[in-house]
Amino acid sequence: GHTVTGDSNYTWTIQVPGADPLFFQASITSTPSGYNACGIYPFYTTAVVYSGQNQTVTFTVICSTLPPINVKVNDPQGATWLVTWSGVVNGNFSWYDTDSWSVVVPTNSAEVFNAQVISWPDYYTSCSISPGQTTAYPGQSITFNVNCQKPSSGGGGGGGSGNITVTVNDN
C-alpha cells in the first residue's frame, strides 16, 4: 500500500495494470488550531480501472468549530449494515461489526441518519437495525442497535446445545 499525507490540496495519479479494484481509505491525522474537529469524506472507497478508461477518486475535508456528531452501531452478531446521512454533509458508512465514528458538520444544522441491515450470517433468520432513521445536531451522540433472530429449535428451547454425529465410512 501507499500512504500520502499533506496539509493542503493534493492530487496524484496512480498507474494500474488492469481491472483489479483499488481500495482507498482516508483519515484525519491532526486538526488545525482554531477548529474543534475535522472529517474527511468518504472514509473509504474503491476504484476499478478498465482498459482505456480513467477513474477519479475525490476526498473532501470538512473542519468545524462545533463538536462532531458521534455515531455508534452496536452489532455483536456481525451483520452487515449501512448508515447514510444527509443534510449539510452527505455520506455513508458500511461495516459488519460494532463500530463508531464521527460526522463533522460545519454549521449548527441537522443531519438525518438512515440505517439498514444489508445482510447477515447464515445462522440467523433475519436481522434488523433500530432506529431506522434519526436526526442529530453537532455535539450529539446517536446509537443504532442491530438485533438478529436465530431459528427456533425443535425441542430444547432456542439456542440450546445439541449433538452432531459424524460417521466416516471407509470401504
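Start by selecting Trp-81 and Trp-95: in this predicted model, Trp-95 in β7 is the bridge partner of Trp-81. Keep Trp-81 on screen while you bring up the strands around this pair.

**Stop 1: the β6-β7 hairpin**

Select residues 80-86 for strand β6 and residues 91-95 for strand β7; the two pair in the antiparallel sense over five bridges. Next, colour Trp-85 and Gly-91, since here is another bridge to look at: Gly-91 in β7 is the partner of Trp-85. Then move to the turn. Four residues lie between β6 and β7 in this hairpin, and Gly-87, in the turn, has a positive phi of about 150°.

**Stop 2: the sheet that holds the hairpin**

Now widen the selection to take in β9 and β11. Together with the hairpin strands they form an open sheet of four strands, ordered β7-β6-β9-β11, with antiparallel pairing. Which strands sit at the edges? They are β7 and β11 (133-136), each of which pairs on one side only. Turn the view to follow the twist, which averages 20° from one strand to the next.

**Stop 3: another open sheet**

Hide that selection and show β8, β5, β12 and β10. These four strands make an open sheet in the order β8-β5-β12-β10, and the pairing here is mixed. At the edges you will find β8 (99-103) and β10 (126-130), each pairing on one side only. From one strand to the next, the twist averages 15°.

Stay with β10 and select residues 141-149, which are strand β12: β10 and β12 pair in the antiparallel sense over five bridges. For a pair of residues to pick out, choose Ser-128, which stands opposite Asn-147 in β12.

**Stop 4: the second largest pocket**

For the last stop, select Ala-26, Ser-27, Phe-43, Phe-93 and Trp-101. Of the 19 residues that line the second largest pocket, these lie nearest its centre. The space in this pocket is about 290 Å³.

Where does the lining come from? Show β1 (21-25), β2 (37-41), β7 and β8: each supplies at least two residues. β2 gives the largest share, five residues. You have already met β7 as an edge strand at the second stop, and β8 as an edge strand at the third.

Finally, colour the lining by residue class. You should see 14 nonpolar residues, four polar ones and one charged residue.

Terms used:
Residues numbered from 1 in each chain as written. Predicted model: local features only at pLDDT ≥ 70, side-chain atom pairs only at ≥ 80, totals over all residues. Heavy atoms only, no water. Pairing = 2+ DSSP bridges. Axes fitted to C-alpha atoms, helices over the stretch in contact; angles between N-to-C directions. 1 Å grid on protein atoms, 1.4 Å probe; cavity = no way out; pocket = protein on both sides within 12 Å on 5 of 7 lines; lining within 4 Å. Points joined across faces, edges and corners; volume = space filled by probe spheres on them. Nonpolar A, V, L, I, M, F, W, Y, C, P; charged D, E, K, R; others polar.
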